[in-house]
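Please find below some notes on this structure, set out as numbered points for a colleague who works from the coordinates. They take up the ligand surroundings, the sheet, the core and one loop residue in turn.

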Amino acid sequence: MEIMEVHETAFMTSMFRAMNESLSSDTFSKLWSNSKTKTWVDAYLTEVSSEEVQTHCVRNRFFLEKIKQLFKENKVDTLLNFGSGFSMYPFLLDGSIQHIEIDKPEIIDFKKKKISNWIKEGKLPNRKIHFLGTDFSKDYEASITTELKALQKTKGTFILLEGVLFFLNKHQAERIFNFFEKIQKKGDYIGSVSYDASIEKRAAFLRLQDFFFNKKLTTSKSDYLTLSHNFYKEKASYSVIEHKDYFRYSKELNNSINLKTTDILNENFYLLEKHN
Ligand SMILES: C[S@@+](CC[C@H](N)C(=O)[O-])C[C@H]1O[C@@H](n2cnc3c(N)ncnc32)[C@H](O)[C@@H]1O
């Protein structure tokens with residue numbers, strides 16, 4: 001059995017988005033496609049849940065539409081994507097938005113090279129992207145703060161944490177939100193994705209645990225993070241201004257649900273606004 005590393009999950013996420021472009025609205029994620037990821041994706045869809053194509057597309061679409069709307073309303077002009085993986089928001093959003101993409105150094109180095117080549121080849125439009133390699137399990141705060149100071153003044157920031165919390169522990173999750181509080185000002189936003197603890201009883205989640213554990217991505221079957229709604233609601237400086245999940249947002253997009261609830265890895269999408 002081949003060992004899976006965390007960057008493979010970023011490739012897989014991109015492939016899911018490419019598998020239903022009209023649902024994800026991501027017309028560039030297919031650039032990341034490769035045969036090794038296809039093998040993982042096929043195995044994952046068979047062994048864990050075939051609905052994972054749609055769940056990833058709906059998630060991407062939710063945040064894409066939110067950021068577009070907040071930009072249009074003149075509230076956001078900078079996107080900080082924590083654990084950005086191979087997501088393609090810079091190319092799907094207005095060219096005047098500035099982007100800070102933060103992930104593990106090996107992901108960032110690889111993405112930076114690929115993006116630069118694709119821009120040169122005319123496969124992607126030019127965008128203002130600052131790439132930052134770091135590790136959320138280490139001391140990352142000072143380097144990101146320095147990087148942010150070097151940027152031009154912003155009207156408003158949107159911090160995105162999509163598909164990342166699952167890989168952190170509770171302490172790291174608390175720490176990253178404390179950091180967000182320090183770098184954001186009143187009126188800024190956070191978009192966050194997490195599983196609620198109720199998912200732990202679902203058949204698809206048990207299969208997900210097995211899948212990642214068997215590929216040594218996790219070191220034990222309980223090595224993952226779920227968060228309750230209170231984790232967000234109790235943040236002193238933020239208000240939850242929107243909370244959706246796969247089922248609710250699917251209705252708005254007219255996405256039909258194919259499997260029964262217990263076979264679906266339902267994720268929660270939160271939108272938080274800093275109020276002080
Ligand atoms: C499932 S991918 C999601 C990528 C992207 N947000 C998306 O939705 O397409 C998870 C990402 O989190 C990053 N990640 C996980 N743990 C991390 C850590 N400790 N420090 C930095 N990045 C991390 C991985 O490198 C990977 O790119």
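1. In this predicted model, the ligand is surrounded by 19 residues, and those that come nearest to the ligand are Ala10, Gly83, Gly85, Phe136 and Gly163. By class, the shell around the ligand divides into six nonpolar, nine polar and four charged residues. Helix α1, which runs over residues 6–18, gives the most to this shell, contributing five residues.

2. The sheet is open and has seven strands, arranged in the order β3-β2-β1-β4-β5-β7-β6 with mixed pairing. Its edges are formed by β3 (129–133) and β6 (238–245), each of which pairs on one side only. When direction is ignored, neighbouring strands of this sheet are turned by 15° against each other on average. Helix α6 (residues 105–120) packs on the sheet, where it touches β2 (98–103) and β3, and the direction of α6 makes about 150° with that of β3.

3. Within the sheet, strand β4 (residues 157–161) and strand β5 (residues 189–194) pair in the parallel sense, with four bridges between them. In this pairing, Ile159 stands opposite Ile190, a residue of β5.

4. Which residues have the most contacts inside the largest nonpolar core? They are Phe82, Ile159 and Leu161, in a core that has 64 residues. Helix α4, spanning residues 52–72, gives the most to this core, with seven residues. If neighbours within four places in sequence are left aside, Leu161 is in contact with Phe82, Gly83, Ile190, Ser192 and Val193. Among these contacts of Leu161, Phe82 is itself listed with the residues that have the most contacts inside the core, Gly83 is one of the residues that come nearest to the ligand, and Ile190 is the residue that stands opposite Ile159.

5. A last point concerns Ser228, whose place is in the loop between α9 (203–214) and α10 (229–233). Why is Ser228 classed as partly exposed? Ser228 is partly exposed because it has 13 other C-beta atoms within 10 Å, whereas a residue counts as exposed at 12 or fewer and as buried at 20 or more. Not counting residues up to four places away in sequence, Ser228 touches Asp196 and Ala197. Phe166 lies 62 residues from Ser228 along the chain, and the C-alpha atoms of these two residues are separated by 13 Å.

Conventions. Residues numbered from 1 in each chain as written. Predicted model: local features only at pLDDT ≥ 70, side-chain atom pairs only at ≥ 80, totals over all residues. Core = buried A, V, L, I, M, F, W, Y, C linked by C-beta atoms within 7 Å. Helix = DSSP H or I, 4+ residues; strand = E, 2+ residues; numbered from the N terminus. Contact = placed C-beta atoms within 7 Å. Near = placed C-beta within 6 Å. Nonpolar A, V, L, I, M, F, W, Y, C, P; charged D, E, K, R; others polar. Pairing = 2+ DSSP bridges. Axes fitted to C-alpha atoms, helices over the stretch in contact; angles between N-to-C directions.
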